[in-house]
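Trainee: I would like to work through this model slowly, one question at a time, with each cut-off stated where it matters. Please begin with the empty space inside.

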Amino acid sequence: MKSGFSIRIKTIQETERIGEILGRKAIGGDVLCLRGDLGAGKTTLTQSIARGLEVPEKYYVSSPSFTILHEYSGRISLYHMDFYRLSGSNEVIELGFEELFYLDGLTVIEWPERAEDILPERRIDIDIRLEEDEERILSFSSDDEVYLKILKEKLCG
Ligand SMILES: Nc1ncnc2c1ncn2[C@@H]1O[C@H](COP(=O)(O)OP(=O)(O)OP(=O)(O)O)[C@@H](O)[C@H]1O
Ligand SMILES: [Mg+2]
């Protein structure tokens, strides 16, 4: 059973704060799946996650839509994936990216819906929903209740 919590945010600074906390807290093998429409803010959140991971500022984190994967070195590696252009999970497997989920870095996946069947069970799903007036609702869910509880305290406490 998945459990979760939501945060309503009004500014890009709040997205940045959340991203930096996520980056600071990440340990090797963590997988974050970012869900939400085009322009919801998945790449923007990933940019702040990179800052929290101590990826140097000179590396601009952009959408890896065409190459599917961008890799950055920080405190631990960041594997930033964007499955938007993929037709299905078989392509992820062919590209060999599935193996990265289980290595020593943090994997962040945009458009994980494209490969739902191969996502690791141990993951955090973050759904970003754009509301009126540029407000956003970030919903966190996972099977890992302990991790979620700690995260909630960090983000809301
Ligand atoms: N609070 C906020 N959080 C995130 N992005 C915001 C916020 N307020 C405004 N924005 C803007 O919304 C846009 C979000 O675009 P972004 O590329 O991050 O979306 P995306 O979800 O990655 O889209 P895509 O599915 O095309 O990859 C950016 O231009 C960003 O500056
Ligand atoms: Mg994006």
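Trainee: How many nonpolar, polar and charged residues are in the lining of the largest cavity?

Mentor: A cavity here is a set of points, on a 1 Å grid over the protein atoms alone, where a 1.4 Å probe fits but cannot get out, whereas a pocket is an open set with protein on both sides within 12 Å along at least five of seven lines, and lining residues have an atom within 4 Å of a point. The residues found in this way are Asp-30, Val-31, Arg-122, Arg-123, Ile-124, Ser-142, Asp-144 and Tyr-147. With Ala, Val, Leu, Ile, Met, Phe, Trp, Tyr, Cys and Pro taken as nonpolar, Asp, Glu, Lys and Arg as charged, and the others, Gly among them, as polar, the lining splits into three nonpolar, one polar and four charged residues.

Trainee: What kind of model is this, and where does the numbering of residues start?

Mentor: This is a predicted model, in which local features need pLDDT of at least 70 and side-chain atom pairs count only at pLDDT 80 or more, while totals for chains, interfaces and linings use all residues, and side-chain values rest on heavy atoms, with hydrogens and water left out. Chains are lettered from A and ligands numbered from 1 in the order in which they are written, and along each chain, as its sequence is written, residues are numbered from 1.

Trainee: How much space lies in the largest cavity?

Mentor: Grid points are joined across faces, edges and corners, and a volume is the space filled by probe spheres set on those points. The search over the whole structure returns one cavity of 30 Å³ or more. The space in the largest cavity comes to about 60 Å³.

Trainee: Which protein atoms are the donors of the magnesium ion, ligand 2?

Mentor: Donors are N, O and S atoms within 2.8 Å of the metal (3.2 Å for Na, K and Ca), and because water is not among the atoms, sites may look incomplete. At 2.0 to 2.2 Å from the ion, the protein donors are Thr-43 (OG1) and Glu-110 (OE).

Trainee: How many residues apart in sequence are the parts that this pair ties together?

Mentor: Helices (H or I, at least four residues) and strands (E, at least two) are DSSP runs numbered from the N terminus. Buried means under 20% relative accessible area, exposed over 50% and partly exposed in between (1.4 Å probe, protein chains only), so Thr-43 at 16% counts as buried, as does Glu-110 at 3%. Because Thr-43 lies in helix 2 (residues 42-52) and Glu-110 in strand 5 (residues 106-110), the separation in sequence is 67 residues.

Trainee: Which residue is the bridge partner of Leu-130 in strand 7?

Mentor: Two strands pair if DSSP finds at least two bridges between them, and strand 7 (residues 136-142), with five of its seven residues buried, is joined antiparallel to strand 6 (residues 124-130) by seven bridges. Strands 6 and 7 form a hairpin with five residues between them, and Asp-133 in the turn has a positive phi of about 55°. In strand 7, Leu-130 is partnered by Arg-136.

Trainee: Why does the pair of Phe-5 and Phe-140 count as stacked, tilted or edge-to-face?

Mentor: Rings of Phe, Tyr and Trp (its six-membered ring) pair if their centres lie within 6.5 Å, and planes under 30 degrees apart count as stacked, over 60 as edge-to-face and the rest as tilted; the count by this rule is three aromatic pairs. The ring centres of Phe-5 and Phe-140 are 4.9 Å apart with planes at 10°, so the pair is stacked.

Trainee: Which strands hold these two rings?

Mentor: Phe-5 is buried at 8% relative accessible area, and Phe-140 is buried at 1%. Strand 1 (residues 3-9) pairs with strand 7 in the antiparallel sense over seven bridges, with Ser-3 standing opposite Ser-142. The aromatic pair ties together parts 135 residues apart in sequence, because its residues lie in strand 1 and strand 7.

Trainee: Is Glu-134 buried or exposed?

Mentor: Glu-134 is found in the loop between strand 6 and strand 7, and its phi is near 65°, a positive value in a residue other than glycine. Glu-134 is also one of the residues that line the largest pocket, which holds about 160 Å³ of space. With a relative accessible area of 53%, Glu-134 is exposed.
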